[in-house]
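New to this one? Take a moment to turn the model around, and then read on for a guided walk through it.

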Amino acid sequence: DSTALLTDDDSIDKPEANAVSALMLFNTSNRRTTLLLWLVWGASGFTYYEFFSGQTTNSSSHDQNHSLGFSDSSFRSIGDDGGSDANNFDYPALFVTGAAELLGCILAFAIIERIGRKILAGTGYLFSGACMALIVLSMPRGAGVFMVMVIRASILIGTSVTWVMTPELYKTEVRAAGHSWCNAAARVGAFAAPYWGDARSIAFSTRLFLFAAVNCVAAMSTFFLPRETRGIALD
């Protein structure tokens, strides 16, 4: 089976339990992988959790006096003064854009073994970043909602494939530690994101361009990972 990811080869030398340390993530064979993965996870945490869970707003020509606000808990009109009408929820738009993540996950599942981890994840981050930069343009409301759908699906593809790829890049003795520290990097990114995303003294377009740039950093870091793990047996 060319796609098998497990091996029963007992000839592989493994360190003793008392010799295993998280510092092994920074030895010669793991250092580049660890640093690049921390960039990927930190960047994806920064963009995903704020862009979809925060109060980021999306300009729309649907109403020149309002922006289209979206989050996992609301999809509402937010005034220029930063105030919001808590009763003005757009549930259909919230449902449609949220459903795009399910479509992205299904698509990633369908093609991950055909395209490969690095290309698929990197392209997802890159496409999401490009759409984030474009969404600041004035456009019809329907087009704006569609763009948000594309962004959500793309970044979900990137993050889902990153979850699959990360443990595959480490050897057994550091696999759990490597994946856990990557998760910690994502939490740091998520913690930092609201301080930028909710900085209303900074123009919305500027804030969104940074999110787009950070997604591009995630994409480039993914492309520069040392190896593709599709079809490679874990050791």
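What follows is a short tour, going from the whole chain down to single residues.

## The whole chain

Keep in mind from the start that this is a predicted model. The chain holds six helices and four strands. If you follow the sequence from its beginning, the pattern reads α-β-β-β-β-α-α-α-α-α, so the four strands come as a run after one helix and before the other five helices.

How much of the chain is buried? Of its 235 residues, 46% count as buried. The accessible surface of the chain comes to about 11,800 Å², and carbon and sulfur atoms account for 64% of that surface. As for contacts between residues at least 6 apart in sequence, 71% of them join residues at least 24 apart.

## Salt bridges

Now for the charged side chains. The structure holds three salt bridges, and here they are side by side.

| Salt bridge | Closest N to O distance |
|---|---|
| R152 and E101 | 2.8 Å |
| E113 and R117 | 3.1 Å |
| E168 and R117 | 2.9 Å |

Let's begin with R152 and E101, whose side chains meet at 2.8 Å, N to O. This pair links distant parts of the chain, with R152 sitting in helix α4 (residues 141-168) and E101 in helix α2, 51 residues apart. Helix α2 itself covers residues 91-115. Is this pair buried or exposed? Both R152 and E101 are buried. For E101 the relative accessibility is 13%, which is why E101 counts as buried: the cut-off for that word is under 20%. E101 has another link worth a look: its C-alpha atom is separated by 8.1 Å from that of S154, although the two residues are 53 apart along the chain.

The other two bridges both involve R117. One of them joins R117 to E113, with the closest N and O atoms 3.1 Å apart. The other is made with the side chain of E168, at 2.9 Å, N to O. That second pair also reaches across the chain, as E168 belongs to helix α4 and R117 to helix α3, with their places 51 residues apart in the sequence. Since they share partners, the salt bridges join E113, R117 and E168 into one network.

How covered are the members of that network? R117 has a relative accessible area of 1%, so R117 is buried. E168 is buried too, because its relative accessible area is 7%. E113, at 33% relative accessibility, counts as partly exposed.

## Serine 128, in the third helix

Next stop is S128, which has its place in helix α3 (residues 117-134). Its relative accessibility is 0%, so S128 counts as buried. Which residues does S128 touch, leaving aside those up to four places away in sequence? The answer is I151, S154, I155 and N215. With N215 there is something extra: the side chains of S128 and N215 are joined by a polar contact of 3.2 Å. S154 is a name you have already met, as the residue whose C-alpha atom is 8.1 Å from that of E101.

## Aromatic rings

The count of aromatic pairs comes to six. In one of them, Y48 and Y49 have ring centres 5.3 Å apart and planes at 85°, so this pair is edge-to-face. The cut-off for that arrangement is over 60 degrees. Are these two tyrosines buried or exposed? Y48, with a relative accessible area of 15%, is buried, whereas Y49 counts as partly exposed at 37% relative accessibility. Elsewhere, F26, W38 and W181 form one aromatic cluster.

## A nonpolar patch on the surface

To finish, have a look at the outside. Which residues make the nonpolar surface patch of about 350 Å²? They are L126, M220, F223 and F224. Of these, F223 has its place in helix α6 (residues 204-223). At 30% relative accessibility, F223 counts as partly exposed.

Notes:
Residues are numbered from 1 along each chain as its sequence is written. This is a predicted model: local features need pLDDT of at least 70, side-chain atom pairs count only at pLDDT 80 or more; totals for chains, interfaces and linings use all residues. Side-chain values use heavy atoms; hydrogens and water are left out. Helices (H or I, at least four residues) and strands (E, at least two) are DSSP runs, numbered from the N terminus. Buried means under 20% relative accessible area, exposed over 50%, partly exposed in between (1.4 Å probe, protein chains only). A polar contact is a pair of N or O atoms within 3.5 Å; within protein, one must be able to donate a hydrogen and the other to accept it, and residues adjacent in sequence count only if both atoms are side-chain atoms. Contact means heavy atoms within 4.5 Å. Patches are made of residues with over 30% relative accessible area and no salt bridge: like charges are joined within 9 Å, nonpolar side chains (Val, Leu, Ile, Met, Phe, Trp, Tyr) within 5 Å. Accessible areas come from the Shrake-Rupley method with a 1.4 Å probe; for residues, only the protein chains shown count as cover. A salt bridge is a side-chain nitrogen of Lys or Arg within 4 Å of a carboxyl oxygen of Asp or Glu. Rings of Phe, Tyr and Trp (its six-membered ring) pair if their centres lie within 6.5 Å; planes under 30 degrees apart count as stacked, over 60 as edge-to-face and the rest as tilted.
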